[in-house]
Amino acid sequence: MSVTIEQLTAQDVEGARSAWNEVVAAGDAFPQIDELGPDEAADFFASQSFTGVARDTGSGRVLGVYILHPNNVGRCGHIANASYAVSGASRGRGVGEQLVRHSMSTAARLGFRILQFNAVVSTNHSARALYERLGFVEIGHVPGGFRYDSGEYADITLYYADLTRC
């Protein structure tokens with residue numbers, strides 16, 4: 001399987017929405033509770049600084065999506081934040097790593113100096129291992145910062161990467 005990462009187009013919205021909603025519905029990684037409806041997905045993805053999709057070059061099928069946007073405003077506006085969703089059928093094939101690498105270079109190209117993750121669920125071991133392998137630095141934990149649908153709580157971990165070194 002050959003994968004390309006490109007900016008979201010109107011033709012990608014449904015595939016991106018599907019991958020996004022799959023992660024939301026799983027309830028173990030994203031803070032969102034409500035899935036994106038067909039009418040709101042295009043606006044949501046368009047409202048980001050950049051939305052990228054991982055596409056199978058053979059079939060054109062969307063395998064995953066990322067959103068990139070400022071983490072804050074004003075004097076902290078140089079810090080970006082991103083979220084990633086890979087469809088279940090595409091996991092374990094390096095799609096997530098390609099999305100993260102693309103988001104880092106895109107963020108730097110857009111003038112961001114830092115990429116910060118505010119809420120990586122501590123039990124999301126594959127994401128945490130990927131971020132650490134790519135040079136993200138763990139900067140702290142928030143005990144009980146994530147609530148599962150069951151009512152149980154898990155810690156969240158914060159990470160950052162200095163994009164000026166990429």
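These legends go with a set of close-up views of one predicted model.

**View 1. The whole chain, with 4 helices and 7 strands.**
Start with the order of the elements: from the N terminus, they run β-α-α-β-β-β-α-β-α-β-β. The radius of gyration is 15 Å, close to the 15 Å that the globule rule gives for 166 residues, so the chain is as compact as a globular protein of that length. Measuring tape in hand, so to speak, the C-alpha trace spans about 40 × 40 × 30 Å along its principal axes. Of the 166 residues, 44% count as buried. Take the contacts between residues at least 6 apart in sequence, and 62% of them join residues at least 24 apart.

**View 2. The surface and charges of the chain.**
About 8500 Å² of the chain is exposed, and carbon and sulfur atoms supply 48% of that area. As for charge, the chain carries 13 positive and 18 negative ones. Average the positions of each kind, and the two mean positions turn out to be 9 Å apart.

**View 3. Strand 2, a mostly covered strand.**
Strand 2 takes in residues 50–56, and 7 of its 7 residues are buried. Follow the side chains that point one way and you meet Phe50, Gly52, Ala54 and Asp56. Thr51, Val53 and Arg55 point the other way. Both sets are buried, with Asp56 on one side and Arg55 on the other included.

**View 4. Strand 2 and its partners, strand 1 and strand 3.**
Strand 1 (residues 3–7) runs antiparallel to strand 2, and 5 bridges join the two. Strand 3 (residues 62–70) is antiparallel to strand 2 as well, this time with 6 bridges. Arg55 is a handy residue to find here: Thr4 stands opposite Arg55, and Arg55 in turn stands opposite Val62 in strand 3. Strand 2 and strand 3 make a hairpin, with 5 residues between the strands. Look for Gly60 in this hairpin, where the residue takes a positive phi near 80 degrees.

**View 5. Glu14 in helix 1.**
Helix 1 covers residues 13–26, and Glu14 is found in it. With a relative accessibility of 44%, Glu14 counts as partly exposed, since that class lies between the 20% and 50% cut-offs. Val62 makes a good landmark for this view: the two residues are 48 apart in sequence, and their C-alpha atoms are 8.7 Å apart in space. Val62 also appears in the previous view, as the residue of strand 3 opposite Arg55.

**View 6. Ser122, in the loop between strand 5 and helix 4.**
The loop in question lies between strand 5 (114–121) and helix 4 (125–133). Ser122 has a relative accessible area of 18% and is buried, because the cut-off for buried is under 20%. Setting aside neighbours within four places in sequence, Ser122 is in contact with Arg128, Ala154, Asp155, Ile156 and Thr157. Leu158 can be picked out here too: it is 36 residues from Ser122 along the chain, with 9.6 Å between their C-alpha atoms.

**View 7. Strand 7 and its pairing with strand 5 and strand 6.**
Strand 5 and strand 7 pair in the antiparallel sense over 6 bridges. On the other pairing, 7 bridges join strand 6 (residues 137–147) to strand 7 (residues 153–162), again antiparallel. Ile156 is the residue to centre on: Val121 has Ile156 as its bridge partner, and Val142 stands opposite Ile156 too. Ile156 also turns up among the contacts of Ser122.

**View 8. The hairpin of strand 6 and strand 7.**
Strand 6 and strand 7 form a hairpin with 5 residues between them. Arg147 stands opposite Tyr153 of strand 7. Within the turn, Gly151 has a positive phi of about 95 degrees. Asp149 is found in the loop between these two strands. Its relative accessibility is 65%, and Asp149 therefore counts as exposed. Now look across to Ala26, which is 123 residues from Asp149 in sequence. In space, the C-alpha atoms of Asp149 and Ala26 are 9.3 Å apart.

Conventions: Residues are numbered from 1 along each chain as its sequence is written. This is a predicted model: local features need pLDDT of at least 70, side-chain atom pairs count only at pLDDT 80 or more; totals for chains, interfaces and linings use all residues. Side-chain values use heavy atoms; hydrogens and water are left out. The radius of gyration is taken over C-alpha atoms; the globule rule is 2.2 Å times the number of residues to the power 0.38. Buried means under 20% relative accessible area, exposed over 50%, partly exposed in between (1.4 Å probe, protein chains only). Contact means heavy atoms within 4.5 Å. Accessible areas come from the Shrake-Rupley method with a 1.4 Å probe; for residues, only the protein chains shown count as cover. Lys and Arg count as positive and Asp and Glu as negative; His and the chain ends are not counted. The place of a charge is taken as NZ of Lys, CZ of Arg, CG of Asp or CD of Glu. Two strands pair if DSSP finds at least two bridges between them.
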